[in-house]
Amino acid sequence: MEEKLEKVSCDFCGSLDCSPFASQKDLIYKLSNATFNVVKCNQCGLKYTSPRPSQKDISNFYSNKYSFHLNRSKYFFYLKRILESLSKSIFIRKLSFIFPEFLNQILIKFLKPKISDPVLDYIKENSKNFQYLKFLDIGCGSGLTTNFWGSKSSLKSLKRIIDVYGVEPSINSREVLSQFQIKSYPDINSLDNKYKFDIIRLNWSLEHVHSPSNYFRFIEKNLSNDGIAIICVPNINGLIYKINPNALELPVHLYHFDLDVLGNYSKKYNLKKKKSLTFSYPEMYIFAERVGLICDDFKFSEMSLSSAFDFQRFHKVFDNIGFGNDILLILEKDLE
């Protein structure tokens, strides 16, 4: 594949004054042999990939098997629920030291911290008028799952109770969405400007876009006065990036956020924080070790379900002080 990369200025402040921050190859999808660079803006602190694939060429760097673009059978989700239940079982956890490594690895994938789903919480808070709520999921994939929160607040599930819309550049994913009669668009510019949404969600999608400013501007304009915007992104200040700053998903992650940078964007576009937290789970370390993003000295891949549970509980200390590997940020309009 011939790689045509573009060098860009800072999306937040427009400055060209930047310093090298990190570099990494495409160790996850292995669609390129190039080394990609991340720089830090010396004016505002935003970290971003530059040079980077253009908007026209970025699809070449996504695998055809990219998980959130796939159509899954109902049996796949049934199996996921079973495995998730097993991973939470105290009995299974205590026996896990006798399990073979591959079985522990499977169960650890479903070991996640307990974080309430902000979409379902908002619907519950507005239960008297929930049938009038409008929900927009930006970067919704095939609409069958919501990454961390599973399928309960997916577009397919929520379509039964509220008015749902999706934004997804993948043609294959939009074809799946159309099968479920879910209205979807290739980008935010395709949406009618008259739409006001009560919930706008960007679940691990903002780091993939070419201009975060366009999305914050869209939220400012299209979020209802009583609505919320939910943003989940990797946290560049997370502990795994302290272990190795180069443990990055390049080149498909174009921006690398922390809470301060997200706060700067929010303030610029008249949004204010309703809630924020950072969190982590063991599978991220195991995956990073397996693909070579971090060294194998820590032996994360040898953890049992029980030791992974203990590791997650220990990691909560770092999560609480902002060093979790992912960020959940809930915003609302600043009407003052």
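How many bridges join strand S10 to strand S13, and do the two run parallel or antiparallel? Some notes on that and the rest of the fold follow.

1. To take the opening question straight away: six bridges join S10, residues 223-234, to S13, residues 326-333, and the two strands run antiparallel. For a spot to look at, try proline 234, which stands opposite aspartate 326 in S13. Keep in mind throughout that this is a predicted model.

2. Now the sheet around that pair. Seven strands make it up, in the order S8-S7-S6-S9-S10-S13-S12. The sheet is open, and its pairing is mixed. At the edges stand S8 (183-185) and S12 (271-279); each has a single partner strand, so one side of each is left without a neighbour in the sheet. On average, neighbouring strands here are turned by 15° against each other, if you ignore direction.

3. A helix sits on this sheet too. H9, residues 259-268, packs on it and touches S10, S12 and S13. The direction of H9 makes about 15° with that of S13.

4. Stepping back to the whole chain: the protein has eleven helices and 13 strands. Its C-alpha atoms fill a box of roughly 60 × 50 × 40 Å along the principal axes. The radius of gyration is 20 Å, which agrees with the value near 20 Å that a compact globule of 336 residues would have.

5. On to empty space, starting with the second largest pocket. About 280 Å³ of space lies in this pocket. Its lining counts 15 residues, and the closest to the centre are Ile188, Asn189, Asn214, Tyr215 and Phe218. By class, the lining of this pocket divides into five nonpolar, seven polar and three charged residues.

6. What about enclosed space? Searching the whole structure turns up one cavity of 30 Å³ or more. The largest cavity holds about 40 Å³ of space. Residues from separate parts of the numbering line it: Lys25, Asp26, Leu27, Ile28 and Tyr29, then Leu248, Glu249, Leu250, Pro251 and Val252, plus Leu293. Eight of the lining residues of the largest cavity are nonpolar and three are charged, with no polar ones.

Definitions and conventions:
Residues numbered from 1 in each chain as written. Predicted model: local features only at pLDDT ≥ 70, side-chain atom pairs only at ≥ 80, totals over all residues. Heavy atoms only, no water. Pairing = 2+ DSSP bridges. Helix = DSSP H or I, 4+ residues; strand = E, 2+ residues; numbered from the N terminus. Axes fitted to C-alpha atoms, helices over the stretch in contact; angles between N-to-C directions. Contact = heavy atoms within 4.5 Å. 1 Å grid on protein atoms, 1.4 Å probe; cavity = no way out; pocket = protein on both sides within 12 Å on 5 of 7 lines; lining within 4 Å. Points joined across faces, edges and corners; volume = space filled by probe spheres on them. Nonpolar A, V, L, I, M, F, W, Y, C, P; charged D, E, K, R; others polar. Rg over C-alpha atoms; globule rule 2.2 N^0.38 Å.
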